[in-house]
Amino acid sequence: FNTNSMKYFKLTFVILFTASHLFQLSYAQSSQTSKRSSWFRDARVGMIVHWGLYSIPAGVWKGKQIPWYGEWIKDRASISDTDYAKLASRFYPEKFNADEWIRTAADAGMKYFCIVTKHHDGFCLWNTKENNDWNIKSATPFKRDIVKELSDACQQHGIVYALYYSSGLDWHYPSSNWPSYKKYYYNQLKELLTNYGKIGYLWFDGEWTTQWNAKEAEELYNYVRGLDPEIMTNNPKKKGSSAFGDFGLDEENYSPPASDFKTGLWERDRLVQYNTWGYKSWEPWKKSADLIRDMIDAASLSMNFCLNVGPKADGSFPPQALAILKDFGRWLKVNGEAIYKTKGFVKNISINFDCRITQNTSNDSVWYVHVLKWPETKKSIKITTSFPITSVAALDQSILMK
Ligand code: FHN
């Protein structure tokens, strides 16, 4: 991608008395300032992986391309339980290497890594004691505990480990008997929070189902905080809101109104392929530059950016995903200072073309101007501020500054 279209300035200015009110704009809520969430606010960039039995058909069933999310193929192609269960005996990802996955994420500039431990198909990527027919150890020839191997690799590479768990929707476990399912999923969460090292956050899903309600969500939140008082979770009542739990999700295809981002903590989640989280063999891929612009926009709104990748059934990352991750790594290596440990919603500065602004969290006098599209006709950009700028520098030293 063309790095020239995204140039950078670092502005340093003297704080005037007029500046003091600026810094009270964000972080009104206590969850936004707590020590518990500091890793999340500093990290700004993470990655989530959707990978499981659905990665085998990869969006094709009985020769037909099945529309919508690849991880929904059981539902979308009306696959019977018996046929879907047969996928487990074929799940042998000989190329899976946890260390390689996490090294790739770290090289891409990701500060945290989230694995889908159990999606809506109910299949568990860890050796759960709560079922003996529907987990990696009992039902596949592979037998290795993926959740454990990734936990070790994250520790090794200094990456915060996070877990996705479909709490509200499980096609395998008979959720018609909710009290029994509840016992099952509570026990599973206990396993995940006690046997896999430090977990940064839990991402709950499936809250739109009829069995789910506010009481269930509150109980769940208290339960997991009881197991680990330091853990963060997304909002288990409603994903696209930050009104409860620790953060809301600006999930691709389900974006809340932009005005909502002004309060609470947020994570923006974007897909490397269109319309799928799990790998699909035929779905087109996005452009790195567009995803990087999305990340910049998120940072300018004080939001984290989490990139979703769907590995292939053999355990390898598709080459197109690797290329995107490489571009993120290359870009963040030069410009990461303007993303990590920054905050957004910067005011009192106006610029005469398309850009986003972030501010250094530990030094309010440093602001970053992200030029999303360099003006082709204009040779210079005009920045107007209500305070004097003492110095201007480009993070990318290859850009000539006059
Ligand atoms: O149905 C899921 C989807 O497959 C994916 O896991 C995303 C991630 O948040 N959540 C649901 C859709 O909101």
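**View 1. N135 in the loop between strand 5 and helix 5 of the predicted model**. N135 sits in the loop that runs between strand 5 and helix 5 (136-139). Its relative accessibility is 2%, so N135 counts as buried. The N135 side chain makes polar contacts with backbone atoms. It reaches the backbone oxygen of N131 at 3.1 Å. A polar atom of the same side chain lies 2.9 Å from the backbone nitrogen of K137. Beyond four places in sequence, N135 is in contact with F123, C124, W126, N127, T128 and T140.

**View 2. The open sheet and its edges**. Eight strands form an open sheet with parallel pairing. Their order is 8-7-6-5-2-11-10-9. Strand 8 (232-233) is one edge strand and strand 9 (247-251) is the other. Each of these two pairs on one side only. At the strand 9 edge, the partner is strand 10, paired in the parallel sense over five bridges. Here D250 stands opposite R268 of strand 10.

**View 3. Helices packed on the sheet**. Helix 4 packs on the sheet and touches strand 2 and strand 5. The direction of helix 4 makes about 140° with that of strand 5. Helix 6 lies across strand 5 and strand 6 (160-166). Its run is at about 155° to strand 6. Strand 5 is thus touched in both descriptions, by helix 4 and by helix 6.

**View 4. The buried face of helix 4**. Helix 4 spans residues 98-107. Its buried residues are A98, W101, I102 and A105. Seen down the helix axis, they fall within an arc of 90°, so they line one face of helix 4. An α-helix has 3.6 residues a turn, so residues three or four places apart point the same way. What covers the buried residues of helix 4? The cover includes strand 2 (45-49), strand 5 (112-118) and helix 6 (146-157).

**View 5. The two ends of helix 4**. At the start of helix 4, N97 offers a side-chain oxygen. This oxygen reaches to within 3.0 Å of the backbone nitrogen of D99. After the helix comes G109. The phi of G109 is positive, near 90°.

**View 6. Cysteines without a disulfide**. A search of the whole structure finds zero disulfides. How far is the sulfur of C114 from the closest cysteine sulfur? The distance is 6.4 Å, to the sulfur of C306, which is too far for a bond. A disulfide would need the two sulfur atoms within 2.5 Å. C114 has 0% relative accessibility, so C114 counts as buried. C355 has 15% relative accessibility and also counts as buried, because the cut-off is under 20%.

**View 7. P284 in the loop between strand 10 and helix 9**. P284 lies in the loop that links strand 10 (265-271) and helix 9 (288-300). Is P284 buried or partly exposed? Its relative accessibility is 43%, so P284 counts as partly exposed. Leaving aside neighbours within four places in sequence, P284 is in contact with Q273 and Y274. I339 is 55 residues from P284 in sequence. In space, the two residues are 28 Å apart, C-alpha to C-alpha.

Technical notes: Residues numbered from 1 in each chain as written. Predicted model: local features only at pLDDT ≥ 70, side-chain atom pairs only at ≥ 80, totals over all residues. Heavy atoms only, no water. Buried < 20%, exposed > 50% of the residue type's maximum accessible area, 1.4 Å probe, protein only. Helix = DSSP H or I, 4+ residues; strand = E, 2+ residues; numbered from the N terminus. Arc of directions from axis to C-beta. Contact = heavy atoms within 4.5 Å. Polar contact = N/O pair within 3.5 Å; in protein donor to acceptor, adjacent residues only side chain to side chain. Pairing = 2+ DSSP bridges. Axes fitted to C-alpha atoms, helices over the stretch in contact; angles between N-to-C directions.
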